[in-house]
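Thanks for making the time this morning. I would like to walk through one structure with you, going from a core to a metal site and then to a few local details.

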Amino acid sequence: MALALYRKYRPRTFAEVIGQEHVTEPLSQALRSGRLHHAYLFSGPRGCGKTSSARILARSLNCAQGPTPEPCGQCDSCKSLAADGAGSIDVIEIDAASHGGVDDARELRERAFFAPATSRYKIYVIDEAHMVSSAGFNALLKLVEEPPDYVKFIFATTEPEKVLGTIKSRTHHYPFRLMPPGVLRPYLEQLCAAEGVKVESAVFPLVVRAGGGSARDTLSVLDQLIAGAGAEGVTYARAVALLGVTDVALIDEMCDALAAGDGAAAYSTINRVAEAGHDPRRFASDLLERLRDLIVLQQVPDAATKGLIDGPSDQVERMVAQSARLGPATLSRCADIVHNGLVEMRGTTAPRLLLELITARMLLPGAEATEDLLQRLERVERRFAIAGSAVQEEDARPAARPQPTAPTPTPRHKPDTAAQHKPDATAAQHKPETQAAQHSPETAAATQHRSETQAGQHGSETQAGQQTQVVQHRAETAAAQPPAPREPEVKPPPQAVMDDPATPEPERPGSSLPPQLDVTGVRRAWDEILNMVNSRKKRIAALARNATVRDLEGDALVLTFQSAALAGMMSKETSVLSDAIYEVLGARFELRCEVAGDQRPAPAAQAARPAAGPPPPRRRRRHRKQSRCRPKTGPSPPGRVAPPRASRHRRRKTATRRRRHRRHVPSPTDSRRLAPPRLDVAPVPNLLLPRPTPPGRVSLPSTRTTTARGRMPPRRARPRGGRVRGFRPRRRADRRRGRRAHGAAEQRAAGNAVVAADLRRRKDRRGLG
Ligand SMILES: [Zn+2]
C-alpha cells in the first residue's frame, strides 16, 4: 500500500517546511539559541503544517544532539519520532477533539509530574486545542502556567480565538498561513519528479486552485490524480473532468464573447457549460477568477513573471489579449456583476437561469457609474439625429419658401413675450372681438347638444347633417366678420396642427456647429417626450396629450390647447414637461400654453399682465367638466380665422346646460389629442328610452329597468339612502332569475306590489311626519 503523498513527504526539519518561513525561522533561531518556552500555540488553517511543525519541534527538542533546528535523524529519539517511527513514550499527542474533557485534563496533569522516561523533555502535543472544554482548560491552567522544567506543551488549533485566553497568554503564539500558489506549484513539480509521474503543466494550476492554499489538500488532490493516471500521466482533460473545474476553453470563450459583446456566443457557451454537466456556480466562480486575473494583468503587465497570476504561457498570452479587449471599466463592472451573482446563486434552485441573467447584465453597456455621462451623450446624439433628419426633409421639399431670419437662441425670454407684442390699448380694443368670435363655436356646440337631446326620434344622418350645417354657418359668419386691427408684428394664428409648412424654419448654421432644433424636430420627438412625462407624472402626461406643438419662438415653445382650462392647468405645471423635453432634446425651452385659435397665452401664464384676460380658473371642477364636455373639434382649417371666445357668463351658462345634458347622453370616451371631430361620432343611444322588445318575447308592463347590477326600482321612485326591499344584489338576483324561469310573471308582479306598497308606506309616513 502506497503511503499518502502528504504523509510520505511530511517535512522532517523546519527547513523542509514550505511557505511558513515567518514561523519556522524564529523557531529555529530559538532552538539554536536555547531560548525555549514551555508552551507554544500553533494556529492556522488546516493542512498548512501546524501538526508537522509541532512534531518537528518535539523532535528537535529531544534530539540527542541537543535542542537543535536540524535533528540528526540518527539518535533513538529521532528514529522513533520519524514519520515511519514507532513513536516515543515521552512525546504524547492528544487529540483534543476526543480527549478534551475535564477528566482527560486531570489525568494529563497527574501524569505530567512524572519525569520523561528516556528523552530530555516530556512533550504534550495537543491537537485541535480549541476542542478542549473550558473546564479542561481550567484544569490545565496551573500546569501550563508553571510546569516542571521537563514538560513542554504544544497546542495546535485552527481556531485560536476559541482557546481560553488564560491559556493563550501563557504560550508563544505562532500563526501559520495558507500557502501561496507560487510556493506550492514548484513544490508539486518537484514532488512529481520525485515520484516519477508525468503531469501536464496545465494541471498544476488546477491542483493548486483545488487545494485552496492548503498543502495537505493540494497533495491529496495530486495524489488522487496520480492514482487515476494511466501510462500517459496526468492529462488536463482528466484533471478537468475529475476536479469538476470549468474548462479554460469555456472561460476563454466567455471572455471573448463579453469582449465582443456577442450575446449569441455567450449563451451558447452557457449551454455548453450545462451540457458538459458543469455546475453553473462553479463556472461563475471560475469566471470571476479569470476576470480577476485579467484585471491584475491590466494593471501589472508582467504579472505572470511576478507570480501574481498563474498559468501556462500560452494561456497568459490569451489573457493579455483579452484584458486589452475588455478594458478596465468593463472588467471591473463584469467582476462586480459576477460576484453579486454568485452571492445570489447561493441556494438558488435554478443556477443556470441566474447565470444567464448575469450574462445578460454583463452584456449590457456599462450604465451604473457613467449613467449621467451616457445619458448626456445620448441626448446629444438624439438631438443631432432629430435636427439632422429635419434638415434633410427640408432639403427634399421643393417649395421655395421665404427664409426668415434665424431666431437666435436668446437666453430665456420673459414669460409674457406675447404681452409685449401688443400694447394694452390695442389689447382692449382687440378683446371684445376675439371674445365674440370665440362665442360662436360655443353656441354652435350648445346648439349641437340641444339638437342631440331632441334627436331621439331623428336618425343620426340628419343630426350630423344639421350639425355640419350649423358649424359651416358659424364658420362663414366668423369669416365674414371684418378682420381685427392687428399689430404688424403679431404672428398669424396657428393654422395646422401637425406639419405646418408655413412654420418658419431656422436658418441652417455651418456644418461644424450642431444643427438648430426646430418645431418639426420637437413634434417628431413629441411622443417620446410624452412617454417620459408619463413615466414621471401621469396627470401631466394626460394634460400634455391635449397639447399641440404649435411653434418654436426663440427658446419659447408654444403649445396650444383646446380649452383655456387645460392651458391654464398646463401652464401651472410646466416643470415636468420642460424637464422631459430637456431629457429628450437636450434643450431647455420656456413653455407657453395657449388656447387653440387664440393668440393669448393661458390665464396663468399672463398673470403678470394687470387687468387683462380672464382670471385663473378657480373652480377647477367646473372647468374640467366643461372641458370634458367640449366637443373635440379638430384643428381649424388653414386660412380661416378662428372664432373668438364666448363671454364668461355665457360659458358658464352653456356649461350648466351641458352638464344637465351629460346626465342623459354620455360623451364619447375618446379624448385623445387628435380625436376625430364630434360630428363623426355616432350618437349614443339613450339608455332610458324603452328598448324594442325582441321578437318572440312578451313584454311585461313593468316600471323597472334592468341594470348591470340586477333589478332595481326605477330611478325616480327609488328613495335616496336606505335599503329598498325590491332591490337585491347580483347573486340573489340571479337566483331569482332562475326561479323566474319556472314561472313568474306573478313573481315580478308580486315584487312590484311589494315595492309599490313600500313606497306608499313611506309616503304615508312622510305625510304624517
Ligand atoms: Zn537526533
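Let me start with Ile-154, which, leaving out residues up to four places away in sequence, touches Tyr-40, Phe-42, Ala-54, Leu-57, Ala-58, Ile-123, Tyr-124, Val-125 and Ile-126. Please keep in mind throughout that what you see is a predicted model.

Ile-154 belongs to the largest nonpolar core, which has 47 residues, and it is one of those that touch the most other members, together with Leu-27, Phe-42, Leu-57, Ile-123 and Val-203. Two or more residues of this core come from each of α2, β1 (39–43), α3 (50–62), β3 (122–127), α8 (181–195), α9 (203–211), α10 (215–227) and α11 (236–243), and the element that gives the most is α10, with 6 residues. Because domain 1 (5–175) and domain 2 (181–243) both give residues to this core, it lies between them. Apart from it lies another core, of 34 residues, which includes Leu-552, Leu-559, Ala-564 and Met-569. As general background, nonpolar side chains in soluble globular proteins tend to be buried together.

For the setting as a whole, the protein has 31 helices and 10 strands, and 41% of its 769 residues count as buried. If we take contacts between residues at least 6 apart in sequence, 73% of them join residues at least 24 apart.

A single case of such a long-range pairing is Gln-20, which sits in the loop between α1 (5–8) and α2 (21–33). Its C-alpha atom is separated by 6.4 Å from that of Phe-176, although the two residues are 156 apart along the chain. Once neighbours within four places in sequence are set aside, Gln-20 is in contact with Cys-48, Phe-176, Arg-177 and Met-179. Is Gln-20, as a loop residue, buried or exposed? Its relative accessible area is 0%, so Gln-20 is buried.

Another loop residue makes a useful contrast in setting: Glu-128, placed between β3 and α6 (134–145), has a relative accessible area of 29% and is therefore partly exposed. For those who look at backbone torsions, Glu-128 has a positive phi of about 50 degrees although it is not a glycine.

Now to the metal. Which residues coordinate the zinc ion? They are Cys-63, Cys-72, Cys-75 and Cys-78, each through SG, at 2.1 to 2.2 Å, and along the chain these donors follow the spacing C-x8-C-x2-C-x2-C. The angles among the 4 donor atoms run from 96 to 124 degrees, and the site is tetrahedral. The ideal angle for four tetrahedral donors is 109.5 degrees. As for accessibility, Cys-72 is at 25% and so counts as partly exposed, whereas Cys-75, at 13%, counts as buried, because the limit for that class is under 20%.

Finally, a geometric check on a helix, α18 (residues 351–363). At 1.5 Å a residue its 13 residues should span 18 Å, and the end C-alpha atoms are indeed 18 Å apart, so the two values agree. The buried residues of α18 are Pro-351, Leu-354, Leu-355, Glu-356, Ile-358, Thr-359 and Met-362, and what covers them includes α12 (248–260), α13 (263–275), α14 (280–299) and α17 (328–345).

That is where I will stop, and I am glad to take questions.

Definitions and conventions. Residues are numbered from 1 along each chain as its sequence is written. This is a predicted model: local features need pLDDT of at least 70, side-chain atom pairs count only at pLDDT 80 or more; totals for chains, interfaces and linings use all residues. Side-chain values use heavy atoms; hydrogens and water are left out. Helices (H or I, at least four residues) and strands (E, at least two) are DSSP runs, numbered from the N terminus. The expected span of a helix is 1.5 Å times one less than its number of residues. Buried means under 20% relative accessible area, exposed over 50%, partly exposed in between (1.4 Å probe, protein chains only). Contact means heavy atoms within 4.5 Å. Donors are N, O and S atoms within 2.8 Å of the metal (3.2 Å for Na, K and Ca); water is not among the atoms, so sites may look incomplete. Four donors count as tetrahedral if all angles lie between 85 and 135 degrees; four count as square planar and six as octahedral if opposite donors are over 155 degrees apart and all others between 65 and 115; anything else is irregular. A nonpolar core is a set of buried Ala, Val, Leu, Ile, Met, Phe, Trp, Tyr and Cys residues joined through side-chain atoms within 4.5 Å. Domain bounds come from an automatic or database domain assignment.
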